[in-house]
Amino acid sequence: MNLKEMVKLADDMVFAKTGKHLNDLQEKILRGTWQHEDYNDIAKDVNLSEARVREVGMELWQSLSQELGEKVSKSNFRSAMERLEVSIYSNVAQEESVQINSVNICGEPRHTPNIPNSHPPNQETSNTKQPQTSHQDLSEMPELGDFYDRTLELQTLTTWILQQHSRLIALTGRLGIGKTTLAVQLVQQIKDEFEYVIWCSIDASHTLDEFQHKLIQFFYNSEKQDSSRTNQKRLPLIKYLQKHRCFVVLDDVHNLFSSGELAGKYKPEYEEYRSLFKQIEKLSHQSCFMLIGWEQPREVTQFKNQNTPIRTLQLKGLDIAAAREILRDCGLEESDNTEALIHRYEGNPLWLKNVANLIQELGIGVTELLLDDTILLPEDLKDVLHEQFDRTSELEKQVLSLLAGENQPVNLAKLLEKAQISSSDLLNALQSLSRRCSIEKQESLYTLPPVLRQYIKGL
Ligand SMILES: Nc1ncnc2c1ncn2[C@@H]1O[C@H](COP(=O)(O)OP(=O)(O)O)[C@@H](O)[C@H]1O
Ligand SMILES: [Mg+2]
């Protein structure tokens, strides 16, 4: 092991223990110790007192001791790391994985004693070895009906999850746009790449305690099946996520958030989910959580940086060919105006199904439906829109009605002039509405999708 490899390995262990990477002083202490310098030498090097360096050193040895499961001190640090290296390599030879407390070290090429998923999140890796056993609880996952299109989205999600090892993925988009359906197809395609796969709907599991208990019970029971050990203990959730490669899908996460507030504000009883999602993002582990919902945690949606292990995919409507299939499945005959109908309802499969049913029931043709600019809103489509609209804050409702009154896209200055609210309130409302996918922004102009405009005008 060279100096760089030692620092990397120690950093991974400290990160797994504390959720923080080594700071400069900690790294200097490790490097100095590795090169047989005493605290005094290191202190001179960093221009600090020997006592301070010793104190930071002691904390460091403590964290490493807990991760390595043996007492580590300045005097045996190098030999402890060398023993760890030997155990990694013998493990590689056996093509197995070895558990050193919470840090799971799998077979990796020699000269890179690496911890899976300690790679920067956007770095491609080839660690997609098929797990030997696979445990799945997909009892809450809906059944997949006809499935069209979404090749690109499936590719993107697969790359993020399997190659880039993203830890937290938000799949967002309007109600009915096809998030759940896409996620079901994704799970079917990649589930065998994981040791554990579980699908939970936030409707069914309530507080964080109940949700964690459910997951832990699933991991615990599955581990028990694989092990002859009888004194197996239940571990904290994060330990299972570190120990095994798990894929956890959480559907309908919008249920975690308050109605009447700007998007992504936790209901008081769900506030603790914030720290769970933070842990999943920050701690070193080899698992992936996918959150599905038309409202997402603020701390997830605000990240656009490719260097974080967080990704957000905002789902748009289906392409024309797929939308045609949906209309055909609903019994609608193809006509010259089918494409115009699809555009009007923005390729949203649920909206299209609602409209197709109405057309069928009324026995009218698509052409008649499109005669004027009025957008037909069947009752069940109104219910869908109401569910989303009802949750918006008063501030957002104000901005929505303002936008509904405009036939052309408007800029911020005009909105500000008309809205009679402070610029910061307006900006917050716009940000929240765009997180809910309720408004569209092209360059610096804001507009409402026609279906929403029609709905809001009719209120
Ligand atoms: N790619 C697709 N191909 C065929 N039907 C789809 C597709 N995506 C969604 N649907 C249909 O559209 C409806 C809404 O999809 P759903 O996944 O429940 O939306 P969301 O989870 O975004 O609210 C469902 O009836 C579903 O079967
Ligand atoms: Mg859904």
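The exercises below, each with a worked solution, concern a predicted model.

In this predicted model, local features need pLDDT of at least 70 and side-chain atom pairs count only at pLDDT 80 or more, while totals for chains, interfaces and linings use all residues. Residues are numbered from 1 along each chain as its sequence is written, and chains are lettered from A and ligands numbered from 1 in the order in which they are written.

**Exercise 1.** Determine which residues come nearest to ligand 1, and where ligand 1 lies with respect to the domains.

*Solution.* Begin with the shell, in which a residue counts as near if its C-beta atom, placed from the backbone, lies within 6 Å of the molecule. Of the 19 residues around ligand 1, those that come nearest are Gly-178, Lys-179, Thr-180, Thr-181 and Pro-349. Next, find the elements that give two or more residues to this shell: they are helix H7 (179–190) and helix H14 (349–362), helices being DSSP runs of H or I with at least four residues, numbered from the N terminus. Finally, because domain 2 (135–314) and domain 3 (320–376) both give residues to the shell, ligand 1 lies between them; the domain bounds come from an automatic or database domain assignment.

**Exercise 2.** Describe how helix H2 and helix H4 pack, and which residues meet.

*Solution.* Helix H2 (residues 24–34) and helix H4 (residues 50–68) pack at an angle of about 85 degrees, with their axes 10 Å apart, where axes are lines fitted to C-alpha atoms over the stretch in contact and angles run from 0 to 180 degrees between N-to-C directions. H2 and H4 are therefore roughly perpendicular to each other, a label that covers 65 to 115 degrees. From H2, Leu-25, Gln-26 and Ile-29 meet Val-53, Val-56, Gly-57 and Leu-60 in H4.

**Exercise 3.** Decide whether Leu-182 and Arg-453 are buried, partly exposed or exposed, and name what each touches.

*Solution.* A residue is buried if 20 or more other C-beta atoms, placed from the backbone, lie within 10 Å of its own, exposed if 12 or fewer, and partly exposed in between. Leu-182, in helix H7, has 22 such atoms and is therefore buried, whereas Arg-453, in helix H20 (residues 450–457), has 18 and so counts as partly exposed. For contacts (C-beta atoms, placed from the backbone, within 7 Å), leave out residues up to four places away in sequence: Leu-182 then touches Arg-150, Glu-153 and Leu-315, and Arg-453 touches Ala-404 and Leu-448.

Key
Parallel < 35°, antiparallel > 145°, perpendicular 65-115°, else oblique. Contact = placed C-beta atoms within 7 Å.
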